[in-house]
Amino acid sequence: MKLNNKGFIAISLIYSFFLVFLITLLAVVSDYAHNRVLLNDVKKETQEYLNGLAAFNPVYLKYKKNDRGENINYEPLDEVTFGADIWQVVKDDGENVTLLLKRTLTKEEIETSLSNVGITNASNEDKTLMCLNRYNPAVCNYENSVVFNYYSWNISIVKRIVDDFLFNDANLQKAISVGSMQNMTYSDTIRNYTTYIRIPLSSEFDIIRDNASWYLTLASRTNGMSTIGYGSNLVTAHNTYKNIRPIIMVKKST
């Protein structure tokens with residue numbers, strides 16, 4: 001009597017496929033576990049790298065120390081590192097320090113900000129206009145050289161640029177989130193503002209003595225043109241190119 005081996009062969013094939021499936025599954029799981037370990041190592045190295053960057057780009061400002069290690073106030077024009085930039089001290093009120101960016105905003109920073117809001121013909125290399133010498137509902141609202149609204153910081157080109165500078169600086173955004181940067185209240189004589197960033201006030205000009213940069217002061221009307229104070233002279237706000245150096249206020253931390 002001849003034996004029927006078909007059933008045995010079928011079962012053998014099933015077990016073989018099952019065994020291959022288990023081996024493949026084990027390989028996939030093993031590979032996943034290995035990749036997970038590699039990913040955790042990369043994440044750890046990345047975090048250590050970012051922590052290292054934080055040491056060079058702090059988002060806090062320590063108290064200034066004297067020779068005996070005692071806390072003392074910063075002096076005007078002292079230089080400090082905050083975030084990724086060097087700043088100059090304008091004022092130290094004991095708890096907060098007003099800082100002026102030591103450098104001027106670059107041509108690239110200005111042009112990027114202007115392109116984001118669709119403003120053209122307002123910059124010249126690393127300098128920019130405060131307003132535009134034509135009617136623009138979004139920028140200063142000049143209708144013509146006789147009938148116009150007074151210069152207003154709130155809708156000026158320069159304010160748009162410094163606001164954009166703050167928005168795109170990750171270090172300063174982190175400083176705001178941890179409570180290091182403080183809101184400032186100030187006025188352009190038309191209205192009061194509260195914000196994290198601005199340009200120097202006219203009262204700060206004697207400390208800064210930067211004749212090439214914009215600062216905030218009284219708007220007035222001269223020969224049908226809007227003018228703002230600039231050093232000892234008045235200049236037309238919308239046809240003069242000047243640099244931009246933002247100001248922030250930072251809380252001192254122990």
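In this predicted model, the second largest pocket has a volume of about 160 Å³. Its lining is made up of V90, K91, D93, N96, T98, M184, T185, R198, S203, E204, I207 and M249. Three strands, β5 (85-92), β6 (96-101) and β10 (184-187), each contribute at least two residues to that lining. In chemical character the lining of this pocket is evenly split, with four nonpolar, four polar and four charged residues.

Enclosed space was examined next. Across the whole structure, the search turns up one cavity of 30 Å³ or more. The largest cavity holds about 70 Å³ of space, and the residues around it are L100, P200, F205, I208, D210, S213, W214, Y215 and R245. Six of the residues lining the largest cavity are nonpolar, one is polar and two are charged.

R245, one of the residues lining the largest cavity, deserves a closer look. This arginine sits in the loop between β14 (233-236) and β15 (247-253). R245 counts as buried because its relative accessibility is 8%, where the cut-off for buried is under 20%. Two polar partners can be named for its side chain. The side chain of D210 makes a polar contact of 3.0 Å with that of R245, and D210 also lines the largest cavity. In addition, a polar atom of the R245 side chain lies 3.3 Å from the backbone oxygen of K102. Leaving aside residues up to four places away in sequence, R245 touches Q88, L100, L101, K102, R103, T104, R198, I199, P200, I208, D210 and S213. Among these contacts, R198 belongs to the lining of the second largest pocket, while L100, P200, I208, D210 and S213 help to line the largest cavity.

Technical notes
Residues are numbered from 1 along each chain as its sequence is written. This is a predicted model: local features need pLDDT of at least 70, side-chain atom pairs count only at pLDDT 80 or more; totals for chains, interfaces and linings use all residues. Side-chain values use heavy atoms; hydrogens and water are left out. Helices (H or I, at least four residues) and strands (E, at least two) are DSSP runs, numbered from the N terminus. Buried means under 20% relative accessible area, exposed over 50%, partly exposed in between (1.4 Å probe, protein chains only). A polar contact is a pair of N or O atoms within 3.5 Å; within protein, one must be able to donate a hydrogen and the other to accept it, and residues adjacent in sequence count only if both atoms are side-chain atoms. Contact means heavy atoms within 4.5 Å. On a 1 Å grid over the protein atoms alone, a cavity is a set of points where a 1.4 Å probe fits but cannot get out, and a pocket is an open set with protein on both sides within 12 Å along at least five of seven lines; lining residues have an atom within 4 Å of a point. Grid points are joined across faces, edges and corners, and a volume is the space filled by probe spheres set on the points. Ala, Val, Leu, Ile, Met, Phe, Trp, Tyr, Cys and Pro count as nonpolar, Asp, Glu, Lys and Arg as charged, and the others, Gly among them, as polar.
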